[in-house]
Amino acid sequence: MIEQRNLAKKLARAERHQGRLLAADHQAHAQLTLQHEIHGVADFAAVRIVRQSNSIPANPTDGNLVYDGTGAETEDADIAPNTQYYYVAFVRNTSGGYSSGALASFLTPAEKIEEPPPKTEPNPEPKKERNP
């Protein structure tokens, strides 16, 4: 019972310090830049961002780990074209508790198909006028 109370206290402290996942910005069909901000966190330890393409991550260990650290921005270069991604940022406090998470989703564009340049006709040489 004491362990359950300690866990509840850790989770309550983490909930008070929930962060926000601000943006997911696609760049050149190759990566997403994720920015997050944390407000008034005295016992802040880290931000953990996880990702899934089939559903929203339910907790900090659900899905692919994208980032775990104290920075305000990270990039996810392991993405595929025409795919819906769900990112959740969880704030971890110094007691090891996590916030409920902040969600961002992003649909990557279809892969850009490069079209060949248009064919150009060679310029004919100008005709020389004949002098009679």
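This is a short talk through the fold, the core, the salt bridges and two loop residues of one protein chain.

Okay, thanks everyone. Before anything else, keep in mind that what you're looking at is a predicted model.

Let's start with the overall layout. The protein chain has one helix and seven strands. If you walk along the sequence, the order is α-β-β-β-β-β-β-β, so the helix is followed by the strands. There are 132 residues in the chain, and 34% of them are buried. If you take contacts between residues at least 6 apart in sequence, 60% of them join residues at least 24 apart. And for the surface people: the accessible area is about 9,200 Å², with carbon and sulfur atoms accounting for 50% of that.

Now, the inside. Which residues make up the largest nonpolar core? There are eleven of them: L32, L34, V47, I49, V66, Y67, I79, Y85, Y87, A89 and F106. Strands β2 (31–37), β3 (44–52), β4 (64–69) and β6 (84–93) each give two or more residues to this core. The largest share comes from β6, with three residues.

On to charges, which I know some of you were waiting for. Side chains of opposite charge can pair when their charged atoms come close. In this model we count three salt bridges.

Take D68 and R48. Their side chains form a salt bridge, N to O, at 2.7 Å. D68 is in strand β4 and R48 is in strand β3, so this pair ties together parts of the chain 20 residues apart in sequence. How covered up are the two partners? R48 is buried, with a relative accessible area of 17%, while D68 is partly exposed at 33%.

D68 also pairs with R92, and that salt bridge is 3.0 Å, N to O. Here R92 sits in strand β6 and D68 in strand β4, so the pair links parts that are 24 residues apart in sequence. Put those together and you get R48, D68 and R92 joined into one network by salt bridges that share partners.

Then there's D76 with R51, where the closest N and O atoms are 2.6 Å apart. D76 belongs to strand β5 and R51 to strand β3, so that salt bridge ties together parts 25 residues apart in sequence. Buried or exposed, these two? D76 is buried, at 6% relative accessible area, and R51 is buried as well, at 7%.

Last bit: a couple of loop residues. Where is N82? You'll find N82 in the loop between β5 (73–76) and β6. Most residues other than glycine have a negative phi. N82 isn't a glycine, but its phi is positive, about 55°. It counts as exposed because its relative accessible area is 54% and the cut-off for exposed is over 50%.

The other one is T61, in the loop between β3 and β4. T61 is exposed too, with 66% relative accessibility. Its side chain makes a polar contact with the side chain of N59, at 2.8 Å. And if you look across from T61 to V50, eleven residues away along the chain, their C-alpha atoms are 7.4 Å apart.

So, when you open the structure yourselves, click on D68 and look for its partners R48 and R92. That's it from me.

Terms used:
Residues numbered from 1 in each chain as written. Predicted model: local features only at pLDDT ≥ 70, side-chain atom pairs only at ≥ 80, totals over all residues. Heavy atoms only, no water. Core = buried A, V, L, I, M, F, W, Y, C linked by side-chain atoms within 4.5 Å. Buried < 20%, exposed > 50% of the residue type's maximum accessible area, 1.4 Å probe, protein only. Helix = DSSP H or I, 4+ residues; strand = E, 2+ residues; numbered from the N terminus. Contact = heavy atoms within 4.5 Å. Areas by Shrake-Rupley, 256 points an atom, 1.4 Å probe, with all protein chains shown as cover. Polar contact = N/O pair within 3.5 Å; in protein donor to acceptor, adjacent residues only side chain to side chain. Salt bridge = Lys/Arg side-chain N within 4 Å of Asp/Glu carboxyl O.
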